[in-house]
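Work through the exercises below with the sequence and the model at hand. Each task is followed by a solution in steps.

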Amino acid sequence: MTPAEVAAGLQEAVAAFVAARTAPSDALCVGLSGGRDSVVLLHLLGAAVAPGRLTAIHVNHGLSPRAEAWSEFCARLCADWGVPLVQRRVEIDRSAGEGLEAAARRARYRAFADHGAPVLFLAHHRDDQAETLLFNLLRGTGVAGAGAMRTERAQGGQRILRPLLAVGGDAIAAYGAAAGLA
């Protein structure tokens, strides 16, 4: 398949996913890290939904020396694409004994929930799914962990949707290249 064919297929799949799982009146938000996957998802959603229906949220954990640059990139990107952006800075509780990654994830999901968007899209894809499954099995999480990430789940009053779980990172990279995304 050519990069253009991959891009067209991905656009169709995400548009169908959104149409099947959301109502036209739903306010939609995308978690935007500034990385390839979330930038591609923002681009795909921007093409799939009516203008004014989509916002983005960027959570700055302050853990990387590049954290401020990522925040600035997200702000520029959203301004260029006409997507309202909410930025949240979070503090990571390192005393909980759960490890840095788990503590950062907990803070990020708390920021997502505090934002209050009823529908949140995340850019997890098939490669992330495989990694999550492997880690869960190695930790001995049993049957529950073997399920890894779900395409849709409720957390508090928020629906979390992952439209790219069946898509590999190579297809996401091909889409980004075909669309000329940074």
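**Exercise 1. Disulfides**

Determine how many disulfides the structure holds, and explain the result for Cys74.

Step 1. A disulfide is a pair of cysteine sulfur atoms within 2.5 Å. By this criterion the count is 0.

Step 2. The cysteine sulfur closest to that of Cys74 belongs to Cys78, and because the separation is 6.4 Å, it is too far for a bond. Cys78 is likewise in no disulfide, its nearest cysteine sulfur being that of Cys74.

Step 3. Buried means under 20% relative accessible area, exposed over 50%, and partly exposed in between (1.4 Å probe, protein chains only). Cys74, at 0% relative accessibility, is buried; Cys78, at 2%, is buried too.

Note on the source: this is a predicted model, in which local features need pLDDT of at least 70 and side-chain atom pairs count only at pLDDT 80 or more, while totals for chains, interfaces and linings use all residues. Residues are numbered from 1 along each chain as its sequence is written, and side-chain values use heavy atoms, with hydrogens and water left out.

**Exercise 2. The nonpolar cores**

Identify the residues that touch the most other members of the largest nonpolar core, and the elements that supply it.

Step 1. A nonpolar core is a set of buried Ala, Val, Leu, Ile, Met, Phe, Trp, Tyr and Cys residues joined through side-chain atoms within 4.5 Å. The largest one has 31 residues, and those touching the most other members are Val30, Leu42, Leu45, Leu54, Phe121 and Leu164.

Step 2. Helices (H or I, at least four residues) and strands (E, at least two) are DSSP runs, numbered from the N terminus. Elements that each supply at least two core residues include α1 (3-21), α2 (36-48), β4 (119-121) and α7 (169-179). The largest share, 6 residues, is from α2.

Step 3. Take Leu45, and skip neighbours within four places in sequence: its contacts (heavy atoms within 4.5 Å) are Val14, Val18, Val30, Leu54 and Phe121.

Step 4. A separate core of 16 residues includes Val59, Tyr109, Ala111 and Phe112.

**Exercise 3. Strand pairing around β6**

Find which strands pair with β6 (residues 158-161), and in which sense.

Step 1. Two strands pair if DSSP finds at least two bridges between them. β4 and β6 are parallel, with 3 bridges; here Phe121 has Leu161 as its bridge partner.

Step 2. β5 (residues 152-155) is antiparallel to β6, with 4 bridges. Glu152 lies opposite Leu161.

Step 3. The β5 and β6 hairpin has 2 residues between its strands, and Gly156 has a positive phi near 65°.
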